[in-house]
Amino acid sequence: MNKANKTVRIYAEWMFDGEAVQPVIGVLIEVQGKVIKAIRMNARADEAEEAFPNCAVLPGLIDGHVHLCFSAGNTHAEVVQDLIQAPPEQLLRRAFDHAKQALLAGITTLRDCGGPGSVPVMVRELIRRGEAEGPEVLVSGAPITTPRGHLHYIGAHAGNLVDVERRAEELLEAGVDFLKVIVTGGNMTPESDRLSCQYGTEEIRKAVQCAERAGKYVAAHVLNREGVRRSVQGGVRTLEHCSWRTGVAHHKYDPQLARQMREQGQFASLTMSAPTWRKVVPGVAGLDVHLFADLDERFASEREMLADGVRFLLHTDAGVRQTPFGISLIYGLRAAELELGLTPVECLRAVTSNAATALGLEDRGRLGIGKRADLLVVAGQPWQELSALHQVRAVWCGGRRVV
Ligand SMILES: [Zn+2]
């Protein structure tokens with residue numbers, strides 16, 4: 001049998017299959033090549049080549065919104081300054097370091113939501129060809145933004161409807177996996193205003209049409225409620241940050257809009273970057289009173305949205321200030337449990353099965369026959385205590401053992 005079809009049997013004591021915790025002791029997963037060939041319950045450790053007693057197996061994690069080229073510096077200004085000054089070779093090296101860190105933490109899929117020029121596509125290709133080690137990476141390339149808008153320093157500039165179509169076609173031609181459209185201002189760009197929108201529904205819908213013609217979709221950056229309305233009506237697939245902000249430190253959830261999101265199958269992609277870890281990592285991000293109040297309002301509106309059944313994924317936005325690759329996803333999940341009132345299982349679904357569905361990756365995020373062999377093995381039972389995710393014992397990415 002050649003190496004590509006090599007079979008390996010992996011034993012773990014417990015299993016979370018991406019949807020639920022299996023109520024059995026002893027699971028045997030047979031991996032052949034890149035996929036799961038069989039799963040058997042009530043198995044014994046001595047039936048496997050790789051046995052992990054007192055450990056749980058779960059699908060490799062998916063971080064649905066990161067920036068591989070960003071430095072995770074101390075402040076927004078530092079991150080931006082670095083991006084503007086760093087030569088492409090440096091950004092490329094950094095992206096590979098970040099990808100490796102994610103892999104070591106059990107993250108086997110990353111969606112890069114914006115980086116400069118051709119760097120993100122190069123990163124994806126070099127990893128795919130095996131010339132660098134990392135998770136599978138999906139990229140938007142340069143985000144579509146206005147000439148002075150949020151992320152303009154790495155953006156594909158489009159100030160009107162015609163330019164939105166032009167930039168969208170160029171990016172799709174360059175081979176991006178999805179389009180990122182910057183609908184509102186953002187925190188990293190002081191000359192933008194997160195309470196204002198940069199695009200109307202027409203521009204958003206145009207980008208969605210271009211993406212859909214290529215079998216792809218749009219992820220929208222949204223930091224205020226009017227931006228949510230335009231993005232929902234424009235037909236984007238994921239609303240990044242999905243903020244219900246209506247004023248300074250003021251958020252107001254809108255159940256009618258949320259119902260439309262649900263009916264249209266759109267996803268809220270919620271950001272668990274460093275400031276959200278306030279109850280998990282003491283002293284993080286130098287939280288001031290203003291930011292604290294904004295977070296209180298933000299989480300209150302998100303709890304309402306989740307109670308109404310809007311589909312969601314959780315992501316780190318790794319690369320932004322004080323949010324490194326790897327460990328941030330675990331901090332983020334622990335923070336989501338405390339701040340959003342989710343159960344550990346709901347948190348785990350948000351970075352496995354739900355994230356896979358949101359990203360259109362039905363080949364992963366669940367453990368089942370024929371699925372990609374992306375596996376994470378940790379000591380303990382993370383559905384009882386999410387911090388068990390810190391105890392990584394083994395990782396397989398596309399059938400290849402990487403940890
Ligand atoms: Zn981002």
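Two strands are taken to pair if DSSP finds at least two bridges between them, and with that in mind the tour of this predicted model can begin at a strand that has a partner in β7.

Select residues 107-112, which form strand β6, and colour them by burial: six of the six residues are buried, so that the strand is mostly covered. Now add residues 136-139, strand β7, which runs parallel to β6 and is joined to it by four bridges; within this pair, threonine 109 stands opposite glutamate 136 of β7. Bring in residues 119-128 as well, since this is helix α3, and together β6, α3 and β7 make a right-handed β-α-β unit.

Next, select residues 61-66, strand β5, which pairs with β6 in the parallel sense over four bridges. Here leucine 61 can be found opposite isoleucine 107 of β6.

From there, turn to the zinc ion and show the side chains around it: the coordinating atoms are NE2 of His65, NE2 of His67 and OD of Asp317, at 2.0 to 2.2 Å. Along the sequence these donor residues follow the spacing H-x1-H-x249-D, and both histidine 65 and histidine 67 are buried.

For the last stop, select residues 225-234 and residues 255-263, helices α6 and α7, whose axes lie 10 Å apart and which pack at an angle of about 30°. Angles under 35 degrees count as roughly parallel, and α6 and α7 are therefore described as roughly parallel to each other. Looking at the pair once more, one finds that α6 passes α7 in a left-handed crossing.

Notes: Residues are numbered from 1 along each chain as its sequence is written. This is a predicted model: local features need pLDDT of at least 70, side-chain atom pairs count only at pLDDT 80 or more; totals for chains, interfaces and linings use all residues. Side-chain values use heavy atoms; hydrogens and water are left out. Buried means under 20% relative accessible area, exposed over 50%, partly exposed in between (1.4 Å probe, protein chains only). Helices (H or I, at least four residues) and strands (E, at least two) are DSSP runs, numbered from the N terminus. A crossover is right-handed if, with the strands pointing away from the viewer, the path from the first strand over the helix to the second runs clockwise. Donors are N, O and S atoms within 2.8 Å of the metal (3.2 Å for Na, K and Ca); water is not among the atoms, so sites may look incomplete. Axes are lines fitted to C-alpha atoms, for helices over the stretch in contact, and angles run from 0 to 180 degrees between N-to-C directions. Angles under 35 degrees count as roughly parallel, over 145 as roughly antiparallel, 65 to 115 as roughly perpendicular and the rest as oblique. A crossing is left-handed if the near helix is turned anticlockwise from the far one by less than a right angle, and right-handed if clockwise.
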